[in-house]
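Work through the exercises below with the sequence and the 3D structure open. Each task is followed by its solution.

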Amino acid sequence: VIPSMRSLTAEEYVEAFKSFLDHSTEHQCMDEFNNEEMPSIMAGLGNGKSTINVLGVGSGTGEQDLKMIRILQAVHPGVFIDNEIIEPNPQHVAAYKELVNQAPDLQNVSFIWHQLTSSEYEQQVKEKGAHKKFDFIHMIQMLYRVEDIPNTIKFFHSCLDHHGKLLIIILSDSSGWASLWKKYRHCLPSTDSGHYITSNGITDVLKRLGVEYCVYEFPSGWDITECFIEGDPVGGRMMDFLTGTKNFLGTAPPGLRRQLQEALCQPECSSKKDGRIVFSNNLSMIVVGS
């Protein structure tokens, strides 16, 4: 009997996501953006204040957060950074705290973790009636998992202080994900509970809100060659990440599995390089003014 398809648990997602990061240039792509654009984006933050308030929404294990904090420290030497984090996954929160404990260069930074979803945080803020304002808020690759994307963006935008900035990192419309979700959605199992949203969907929301924004596009790739090797454990975990399904290759009907593997090989999704299959993981960095 083939076990039935089911969604990934929080722990399984962590493992599947790690296999994605290990085989993609996702973080290198963000590093490129950090190096090229972030210093000038952050230069205008805080407006001469002695403390800069930062909020990370869906910060995961914190690697990207700390990179941005270090840029902020370099651009605003001696300024105190008050960093709050919203992250529902307890394993991610524990890993983030461990990272902070091992970092000797964060003396001027305070950390507060909220082990909540973004909507739980929003509800808490609204119940309190008091509204802390932030100079910099970032939402990196997390809007796929919120229930109401337009209202989530609207709420966090309302948390910006004057001259504050909101950074949204999301998959680009030039990515293989965009083609997969638009053209080959029928190949994806219904176990994936995420929203299929790319940068155009976000900029549409921002246009309706009437706020100013700027989009930076950065190329990124994900080597999915192992996804086509029968019985390969890494390929299996990558397919789990791609579909949001536990053991997709072992539980999906053969027809669906074949359809998805064929879709992944289409030129609008992937390219072949040195005998490897590289899925396009291009990112859009959207910087929104207060």
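The exercises deal with an annotated binding site.

This is a predicted model, where local features need pLDDT of at least 70, side-chain atom pairs count only at pLDDT 80 or more, and totals for chains, interfaces and linings use all residues. Residues are numbered from 1 along each chain as its sequence is written, and side-chain values use heavy atoms, with hydrogens and water left out.

**Exercise 1.** Find the residues that UniProt lists for "binding site" and check how they sit in space.

Step 1. The unreviewed UniProt entry lists Glu 26 and Asn 281. Such annotations may be inferred rather than shown by experiment.

Step 2. The pair is spread over 256 residues of sequence. Still, they cluster in space, with a largest C-alpha distance of 7.3 Å.

**Exercise 2.** Place Glu 26 and Asn 281 in the secondary structure, then decide whether each is buried or exposed.

Step 1. Glu 26 belongs to helix H2, residues 26-36. Asn 281 sits in the loop between strand E9 (276-280) and strand E10 (283-289). Helices (H or I, at least four residues) and strands (E, at least two) are DSSP runs.

Step 2. Glu 26 is buried because its relative accessibility is 3%. Asn 281 is buried too, at 1%. Buried means under 20% relative accessible area, with a 1.4 Å probe and protein chains only.

**Exercise 3.** Which side chain makes a polar contact with the side chain of Glu 26?

Step 1. List contacts (heavy atoms within 4.5 Å). Beyond four places in sequence, Glu 26 touches Phe 20, Leu 21, Gln 141, Ser 220, Asn 281 and Leu 283.

Step 2. The side chain of Asn 281 makes the polar contact, at 2.8 Å. The term covers N or O atoms within 3.5 Å, one able to donate a hydrogen and the other to accept it; residues adjacent in sequence count only if both atoms are side-chain atoms.

How values were computed:
Buried means under 20% relative accessible area, exposed over 50%, partly exposed in between (1.4 Å probe, protein chains only).
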